[in-house]
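Hello,

Here is the model I promised to pass on to you. Have a look at it first, and then read on for what turned up.

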2 protein chains.
Amino acid sequence: MAKTRWLSDAQQQAWRRFAAVSMLLPAALESQLQRDADLTHFGYWVMAMLSETQDRAIRMSELAALSNGSQSRLSHLIARLEERGWVRRERADEDGRGYLAVLTDAGYDKVVETAPGHVEEVQSLVFDALTVQQVGELDEICAAILPRLTPGC
Amino acid sequence: MAKTRWLSDAQQQAWRRFAAVSMLLPAALESQLQRDADLTHFGYWVMAMLSETQDRAIRMSELAALSNGSQSRLSHLIARLEERGWVRRERADEDGRGYLAVLTDAGYDKVVETAPGHVEEVQSLVFDALTVQQVGELDEICAAILPRLTPGC
DNA sequence: GCAGGATGCTTGAAGTGTCAAGCACCCTGA
DNA sequence: TCAGGGTGCTTGACACTTCAAGCATCCTGC
């Protein structure tokens, strides 16, 4: 067992703050969406992705990868969204095992109605606090970290 | 209703990456701690905080604030940790309503045993990807965002 | 053409978080 | 001193995520 590489003081401070943000920010977004749209952040995120694609339809597995969720998580979510009439499932033509998640018109309307309030929340919680330069730095930092988090690529 | 302040292209890109990191990083840490120590990230975080305090004891409400969790969440967590023998509760002397969460010796050992693997994971997922300068930038970015996330102060 | 294994997705159960309600104790003013 | 309201924490019910198991379909080699 190699010697532990403990965090330096600067790293420790950054880590505490970063960890706090990654705990509080999701909670804040969750709370806004729950309050204003009776929606989960993940649920909104998935519907928003669907709304931006051609035909408003994607394969389940592809959608799971895009939204950074497990297949099981997505499957449960889509089942709930389906009950509410915002999404429906269709068999994939090319592969009888696969399913397409399709955003319904009601689902599209829901996204359109929810987006402004959510975007405003993101602006006021995150970007209003940052300079243009910091936005770029954040982007680069996340781009550096991201590959280490996705086992696939 | 004011006009929606949509995200600029740069903001949108940063947001997508940042959102992805805030989804994947917690999941990765969760997974490592679950696998290696049968512990939640929040559970580890709370025990680690307790281990660093004088007397290894803090008031529940204070611990909830420090760990960025709700009182209810902390209460449930401490109940589970208590069952496993890592924490116990004591009535607060000064205020009969309050409780102290106290880390037991077994709990302290658990933290000591778990810390190296967890720190190594943080190093390899986050800090190994960043330059010294980026660590500073990340710290400042989080410091700028943080006040907007804590309603209290 | 078909057995055996891989793939895409679903399902059920167990664990954890949130919300609202509740209990016990503290403090203030009359 | 004691009624009324505030505070600290817990509790129970419900929602969501995960994990492992399961089902249906596809593909490969023989």
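A word on naming before the rest: helices here are DSSP runs of H or I with at least four residues, numbered from the N terminus. Please also keep in mind that this is a predicted model.

With that naming, the surface near DNA strand C draws at least two residues from each of α3 (60–66) and α4 (71–83) of chain A and α4 (71–83) of chain B. There are 20 residues around the strand, and A:Ser61, A:Ser75, A:Arg89, B:Ser72 and B:Arg80 come nearest. Of the strand's atoms that come within 4 Å of the protein, 70% belong to sugar and phosphate. Sorted by class, this surface holds eleven polar, seven charged and two nonpolar residues.

Three contacts from chain B may be handy if you want to look at the DNA side in detail:

- B:Arg80 has a side-chain N or O atom 2.7 Å from a phosphate oxygen of DNA strand C.
- B:Gly96 uses a backbone N or O atom, which lies 2.9 Å from a phosphate oxygen of the strand.
- B:His76 places a polar side-chain atom 3.1 Å from a base oxygen of the strand.

Now to the protein–protein side. Chain A brings 54 residues to its contact with chain B, and chain B brings 55 residues. About 5,900 Å² is buried between the two chains, with carbon and sulfur atoms giving 71% of that area.

The polar part of this interface is there to be explored as well: 16 residue pairs are in polar contact across it, both partners at pLDDT 80 or more. On chain A, the side that touches chain B takes at least two residues from each of α1 (9–37), α2 (41–52), α5 (105–125) and α6 (132–145). Helix α1(A) gives the most, with 16 residues. By class, that side of chain A divides into 34 nonpolar, ten polar and ten charged residues.

Eight salt bridges are found across the interface of chain A and chain B. One of them joins the side chains of A:Glu52 and B:Arg16, at 3.1 Å from N to O.

Last, the symmetry. A turn of 180 degrees, with a shift of 0.0 Å along the axis, lays chain A on chain B with an RMSD of 0.0 Å. The two copies are therefore related as by a two-fold rotation axis. In chain A, the C-alpha of A:Ser22 is the nearest to that axis, at 2.8 Å. Both copies use the same surface, as 100% of the contact residues of chain A recur in chain B.

Best wishes

Note on methods: Residues are numbered from 1 along each chain as its sequence is written. Chains are lettered from A and ligands numbered from 1 in the order in which they are written. Side-chain values use heavy atoms; hydrogens and water are left out. Contact means heavy atoms within 4.5 Å. Buried area is the accessible area (1.4 Å probe) that two parts lose on being put together, summed over both. A salt bridge is a side-chain nitrogen of Lys or Arg within 4 Å of a carboxyl oxygen of Asp or Glu. A polar contact is a pair of N or O atoms within 3.5 Å; within protein, one must be able to donate a hydrogen and the other to accept it, and residues adjacent in sequence count only if both atoms are side-chain atoms. Ala, Val, Leu, Ile, Met, Phe, Trp, Tyr, Cys and Pro count as nonpolar, Asp, Glu, Lys and Arg as charged, and the others, Gly among them, as polar. A residue is near a molecule or strand if one of its heavy atoms lies within 4 Å of it. Copies are superposed by least squares on the C-alpha atoms of residues with pLDDT of at least 70 in both.
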